[in-house]
Structure formats: C-alpha cells, structure tokens
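These are my notebook entries on a single protein chain, kept in the order in which I looked things up. I began with aromatic rings and went on to charges, backbone angles and one arginine.

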Amino acid sequence: MKTAKLFSLISLLIIVCLFFYSCQETPQKQAVIKKGDNELESTIEESINAPGQKYEAPLEWNETPTKDDDFIININAKVTMPDVLKFPVIIISPQDINQEQANQFIKYFFKESSIYKQRPEGLVTQEDVLQQIQVLLKFFEDMKEKDPVEYEKVAKNLDQDIANLKSSMKDLPPSYEPEPTDTSFSSPNISVSTESNISNDLKVIDINAYFGDEIPASIYIVKNNTNKMNSYNYSSFKTRAGIPCLYNISDLSHPIGLTITYEQAEENAYKLLEDLGIQGMKLNAAAFTPTTGDTTVYTTKSAVEINPYYFTLYFTRTFDGIEWTYTNPYYNQSEVSPQYAEPWKDEFIQVMVDDSDVVSFQWISPINIVGNLSDNSTLLPFNDIMQEFIQHMQTSNAYALNDRIIKREFTINEIRFGYAKIARQDNPNQYLLVPAWDFFGTCKDTMAANISDPNYDKDNASIENNFRQSFMTINAIDGSAINRNLGY
C-alpha cells in the first residue's frame, strides 16, 4: 500500500495533465419515458404502406418557449434532417462473437506477434521501482536546467523520496516476466453479484503484445449473450502519459500539435473498417481527445515529445440514408438501478488516430439486422415534435430546482434526426430502431449562494457541455420521450 501511494505521489510530480476535468453537480433528475409497447408497433404497422414523401423541416429553429425566470429553454439550433423519402423501422438483435471472428480481429492487429496474458493489475516489481527512480532523476535534471528556481522549491525532498523508493523494493518481486497465452475465450477472474448486470456466461479474451513501447498493445474482447455486452477493443497508446482522457472536444479547429490532418485521420479510419470487413457504418461524429499526460514524457534516457491529442471518430449504422445517432445521454447509466438499466448499449465504433496511425479501436454492441417492421412510417409534423420536446423537458425538470439548484437554463444548439433504439415488449432479444429527434446543447445550473465549487463559473453555476450530449430524444412517430439508458 505504501509503495502504491508513493508511486501515485511521484506520478503527480512527473505527469502534468493538460486539462482538468471533474464531474459537475449531479442534481436529482427524473426521466420521462414511455415504454415501447404494442400500441406503438400497431401505429407503425398502420402506416406500413404510407407513400414516400419528403419530410418538411426547417434549416434552423429559434425560440425561447419558457416563461419562468428560474427554468429557461433557449433554442437557437440548426436542424439536421437527411434528404430521404421513406422512414423504415428496423428490427435488430445482438450479434454473438464467435472464436473465429475473435481470431480474425486479433490476427489483424497483432499479426504474428507473440501473445501474452495481461499483467496482473497493481503488480509492482523491483525493476519498476528502479526505472521509476531513473525517470524521477531525469525529470528533475530537466527541470534544473530549464527552471532552477522551481527546481529549488520542489527538489528539497528528492533524496528522501529516492531513499523511500529503494526501501520499498525489499518486499517486491525482482521483475515481471510476461506469461504466454492463447486466444481462447475464458471466464474473467471477477466476482459476479446477483444484482449486477454481469451474468455468469461472461467470457473474455484479455491479451497483450509487445512492440517495444513503454506499455504493450492490448486486445480485450467481451462476449456476454445473456446481457448482450459484446464488444471488440484494441489499444496501443505506447506511453502511460498517452492514455486518453475521458472527455472530448468538439471544436475540430482546436490547436492540436498533430501533423496528420483531420481528413487523413478520417481516411485512415474508413480504411481500417474496410480492412476489417465492417460494412454499413458511416462517420456520425468526430472530436479531439486530449491525453492524460504532458506533451513531454520522461523516460530513463531522455525527454520524449508526444502528441497532446487524438482525433476520435464515431461511426454508426446507416439505413437508407438515415444514420443511427451517436449520443452521450443526459441521464447517466449509473443513476439507474441495475435491475432496470438496459445493459445492451447502442452500437457504435470508436476509432482514435494520431500521427502514428490508429491507436485505438472499439466496436461496442455489434448487431444483426433482422429486417424491417415497416418499410415506411408516418412521422409527426416538426411543429408537433417541438411542442412534445418542450412539454417533456418541463415535466422531466419539474423537481430539479431545490435548496441547492436555484435556476436551470438549457441552450439547444442542434436538433438532429436519426435512429434511436427502443425495446420490444414481447421479445427481449430484439429491439427496434425508430426515427427520432435528438436535442443537443448545454445545461447551466445556478447554485445557491451557500454552495460553492472551484469549477463553478462567475455566476456560481455548473455547466454541462459534454460532447454529443442529448438532453432529450423524441420518438418521431408518436412524440414519446425515449430514455436511451433504459432502452424505451
């Protein structure tokens, strides 16, 4: 435990994060949902022979529909609507991952490299400590040359820190030797509670390959047919400081320190999907993702410059010109009780690219396309959609204001048409992709005077401005609100 704490302390000295991100105030939010039922499917089937015609939607919408001083919705949004004549409703089911598919995925990324088990989590060896001491010395050597004044401030305890590190080595194993393994699925070494969303049929492939970088390349493939938690994951971030942060920046004009252009990154990502034989996917969203470390990484020999950002691209299915909208839902899955939470996440592919090529690939919840419930569906007029949106927003935020949050203000900057996934009442192994409208933007909560936080702005407000955060999803067929976490 002491060693782990000491390593954490030294990591803080060595790695300075470019950005500071913290969770905003999480108010009590009440989801507004209408569970998918036979009534909706009947409505869909009634319009099965609806004639194809262009949907009338404006290019933008500007409105401030709320009158209250403490609850405001500002709509100043572009409206994204595909140029299509028909609006099918698609039946989908989870796609199993078999051993042959897993082997093909591993073969593509690891080629003929030797394959090893993942290093045990938390394992620290004498070799690690000696390397950390060398890194620490190089860090302070570089600081002494560049900023002698700062060096004098922070280096006072350097000798004692190194002595403590050396002292910690006596109870540690000398080194770690990677253990060869195969590519078979196996049960992970975790305990499974009866209330969790993880079932006993969970199988994984969790392997490494070493390409001479500070950290190995990793592949993690998950199959869990009971709870539909299947995914493919590959990463090769090369350095610990190169591991990405957990948030994105939507402004693609942000200074990035990359020589590769966005267009080249997109081309590389599409080429990867083609090489993997993945069809029917289209780029739906793109962002920058910063790394967790400074642009300078200290090794045992020198300071190595790394890129501070990755291009992150999100691909979703497209059906007859209509894309499955990628969203970061307003309600976190953690806020939903496990017995009610829908474990089958929306399908998407995330590709991260830097100057060295693709450094990360994730394919979450791959699907099978069962067929169409309807080749076309009748949609509510856009004016009706906007009325439903306002009503649902008012209802879902009716109890948001309290002795902590004294004002809430939404600003909607994009209204996007696409597909959303909802459960079928009579078939737990199938879902419907229905036409829907998503409302993206920001949320500003002004806090009471006695509530303070260094992350609040000058108005003592917490601002949610997350990448692709949808504050409401409205079913375009019947106007009901869809909770993307629950699946209905």
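Entry 1. I looked up F417 and found it buried, with a relative accessible area of 4%, which falls under the 20% that I take as the limit for buried. The model is a predicted one, and I read every value below as computed from it. F417 belongs to strand β17 (residues 405-424), while its ring partner F87 sits in the loop between β2 (71-80) and β3 (89-94), so that I record a pair linking distant parts of the chain, 330 residues apart. F87 is likewise buried, at a relative accessible area of 3%. For the geometry I noted ring centres 5.7 Å apart and planes at 75 degrees, and I therefore entered F87 and F417 as edge-to-face, given that an angle over 60 degrees is what the term requires.

Entry 2. I then turned to F140 and Y151, whose ring centres are 6.3 Å apart and whose planes stand at 70 degrees, so this pair too goes down as edge-to-face. Because F140 is in helix α4 (residues 126-146) and Y151 in helix α5 (residues 148-154), the pair ties together parts that are 11 residues apart in sequence. As to cover, I have F140 as buried at 3% relative accessibility, and Y151 as buried with a relative accessible area of 15%.

Entry 3. How many aromatic pairs does the structure hold? I have 31 written down. I also noted one aromatic cluster, formed by F105, Y108, F109, F110, F211, Y232, Y234, F361 and W363.

Entry 4. Next I looked for charges over rings. I found the charged end of K223 over the ring of F185, at 5.1 Å from its centre, and I found R468 over the face of F440, 5.2 Å from the ring centre.

Entry 5. For the backbone I searched for positive phi in residues other than glycine, and I noted D357, with phi near 105 degrees. D357 is placed in strand β15 (residues 357-364), and I have it as partly exposed, with a relative accessible area of 38%. I also noted N460, another residue other than glycine, where phi is positive and near 60 degrees; N460 lies in the loop between β18 (427-447) and β19 (461-464).

Entry 6. Is R317 buried or exposed? I have R317 as buried, with a relative accessible area of 10%, and its place is in strand β11 (residues 309-319). Its side chain reaches the backbone oxygen of Q279 at 3.4 Å. Leaving aside residues up to four places away in sequence, I listed as touching R317 the residues Q279, G280, M281, I322, E323, W324, E347, W363 and I367. I marked W363 in that list, since I had already entered W363 as a member of the aromatic cluster.

Entry 7. I closed with totals for the protein chain, which has 8 helices and 20 strands. Of its 488 residues, 49% count as buried, and the accessible surface comes to about 24700 Å², with 48% of it belonging to carbon and sulfur atoms. Among contacts between residues at least 6 apart in sequence, 76% join residues at least 24 apart.

Conventions
Residues numbered from 1 in each chain as written. Predicted model: local features only at pLDDT ≥ 70, side-chain atom pairs only at ≥ 80, totals over all residues. Heavy atoms only, no water. Helix = DSSP H or I, 4+ residues; strand = E, 2+ residues; numbered from the N terminus. Buried < 20%, exposed > 50% of the residue type's maximum accessible area, 1.4 Å probe, protein only. Contact = heavy atoms within 4.5 Å. Areas by Shrake-Rupley, 256 points an atom, 1.4 Å probe, with all protein chains shown as cover. Phe/Tyr/Trp six-rings, centres within 6.5 Å; stacked < 30°, edge-to-face > 60°. Lys NZ or Arg CZ within 6 Å of the ring centre and 35° of its normal. Polar contact = N/O pair within 3.5 Å; in protein donor to acceptor, adjacent residues only side chain to side chain.
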